[in-house]
Amino acid sequence: MSTRVSNRLVWTVVLLITIGWGTLPVVIRIALREDVRPLVIAAGPTLVAAAALMGFLAVTRRLGRIGPVEIRIGLVLALLSVVLPNVFRPLAAEHASAGFLGLTSALVPLTTVLIAHFVLAEERITATTLGGLALGLIGVATLVLSGDTGLGAKGNVVLAAAYAMGSVLSVSASSVFAKRHAGEYSVMGVSGVQFVVGSAFLAAAVLIWEGVPLNPTGLGWGSLVFLGLACTFMPVVLYYWLLQHVTVTYSTIVGYLIPLVSVVIGWLLLDEQVGWGIAAGGALILAGVVVTDLIRTRSRRRERGAG
């Protein structure tokens, strides 16, 4: 970690990122309660985030970093990390609680490891890493087989799990794609392209399939703005800052905290249920993530020591 950055500042950033991404499924559920359609929930926040990000790039004089490479990579990431996850999340939230979505999103590191094994030569799965992956998969199976969505009879665990896993896999694929081309592009430049292109595509989809949103409530509009600024733009920018100032191991703390925030805030604000399926399945998923991270961290340390 950089000696110029205090622990207090780092933990403040970690807290803000955790609140932003942790409340995302909660605010999606609030928007759905206000009769905002899923596709509008997908498009609205990305438009807000795109505008905020482009403004940020303009103020920090980084717009010039967007070139042909950034556009090419940004187009792919617009689909994988903006369009697909933002479509799948509200669809899943129609059938499960914020806690359910938060816990399944914790699978991203595990599925990223799995996809990277087949795409990146330097990211092969070891026999010990399989233990963490197995725990995560058992956790998902526990969630699905228990039928516990956190919404009681109103939930549909099969549809919720299918949509949630669609979001998880697309985010993981985007991470592997970005890793494969690491060093070739400006990170913030690509981020600007992917948000602008992704939001434009989603906005067009809303107009084609659902038409202009009709009179959402004040809370509905507020939810979309909050999702765009506090749950998307802010944590993305802060997370890039965090990666520049702390070790990757340190930054993974965020991934452990986000599901807990989703479960607790969903329970407090939305009166969502936390049954045995969510508790047991969530514990197994988090255990799998922790085990996998620990093993990969130790492997990196041994490689650096050997070098």
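This note sets out points on confidence, helices, cores, salt bridges and loops in a predicted model.

1. Confidence. The model is predicted, and its chain has a mean pLDDT of 86, with 91% of the residues reaching 70 or more. Confidence is highest in helix α3 (residues 68-93), where the mean is 95, and lowest in helix α10 (residues 248-251), where the mean is 57. Any reading of α10 should be set beside that mean of 57.

2. The main nonpolar core. The largest nonpolar core is made of 44 residues, and I28, I41, F100 and L227 have the most contacts inside it. Helix α7 supplies the largest share of this core, namely six residues. Around L227, once neighbours within four places in sequence are set aside, the contacts are L24, V27, I28, I41, P45 and T232. Two of these partners, I28 and I41, thus appear again among the residues with the most contacts inside the core. In soluble globular proteins, nonpolar side chains tend to be buried together.

3. The second core. Separate from the core just described is a second one of 11 residues. Its members include L53, L57, V82 and V236.

4. Helix α4. This helix spans residues 98-105 and is mostly covered, with seven of its eight residues buried. The buried residues are A98, G99, F100, L101, G102, L103 and T104. F100 is also one of the residues with the most contacts inside the largest core.

5. Helix α7. The 24 residues of α7 reach 34 Å from the first C-alpha to the last, close to the 34 Å expected at 1.5 Å a residue. At the start of the helix, a side-chain oxygen of N156 comes to within 3.2 Å of the backbone nitrogen of V158. Further along, S170 lies in α7, which covers residues 157-180. S170 counts as buried because its relative accessibility is 5%, under the 20% cut-off. Apart from residues up to four places away in sequence, S170 touches L80, L84 and P85.

6. Helix α8. With 23 residues, α8 reaches 32 Å from its first C-alpha to its last, close to the 33 Å expected at 1.5 Å a residue. Just after this helix, G211 takes a positive phi of about 80°.

7. The salt bridge between E272 and R29. The structure holds two salt bridges. In one of them E272 pairs with R29, and the closest N and O atoms are 3.3 Å apart. The pair links distant parts of the chain, 243 residues apart: E272 is in the loop between α11 (253-270) and α12 (276-306), and R29 is in helix α1 (residues 7-33). E272 is buried, since its relative accessible area is 4%. R29 likewise counts as buried, at 10% relative accessibility.

8. The salt bridge between E184 and R72. Here the side chains meet at 4.0 Å, N to O. This pair also links distant parts of the chain, 112 residues apart, with E184 in the loop between α7 and α8 (187-209) and R72 in helix α3. E184 counts as partly exposed because its relative accessibility is 41%, and R72 is partly exposed with a relative accessible area of 42%. Both values fall between the 20% and 50% cut-offs, so neither residue counts as buried or as exposed.

9. H181 beside R72. The loop between α7 and α8 also holds H181. At 15% relative accessibility, H181 counts as buried. Leaving aside neighbours within four places in sequence, its contacts are R72 and I73. R72 therefore has contact with H181 as well as a salt bridge with E184, although R72 is partly exposed.

10. Positive phi outside glycine. D35 has a phi near 65°, a positive value in a residue other than glycine. D35 is placed in the loop between α1 and α2 (38-59) and counts as exposed at 68% relative accessibility. D271, also a residue other than glycine, has a positive phi near 55°. D271 belongs to the loop between α11 and α12 and counts as exposed at 64% relative accessibility. The loop that holds D271 also holds E272, which is buried at 4%.

Definitions and conventions
Residues are numbered from 1 along each chain as its sequence is written. Side-chain values use heavy atoms; hydrogens and water are left out. pLDDT is the predictor's confidence in each residue, from 0 to 100. Helices (H or I, at least four residues) and strands (E, at least two) are DSSP runs, numbered from the N terminus. Buried means under 20% relative accessible area, exposed over 50%, partly exposed in between (1.4 Å probe, protein chains only). Contact means heavy atoms within 4.5 Å. The expected span of a helix is 1.5 Å times one less than its number of residues. A polar contact is a pair of N or O atoms within 3.5 Å; within protein, one must be able to donate a hydrogen and the other to accept it, and residues adjacent in sequence count only if both atoms are side-chain atoms. A nonpolar core is a set of buried Ala, Val, Leu, Ile, Met, Phe, Trp, Tyr and Cys residues joined through side-chain atoms within 4.5 Å.
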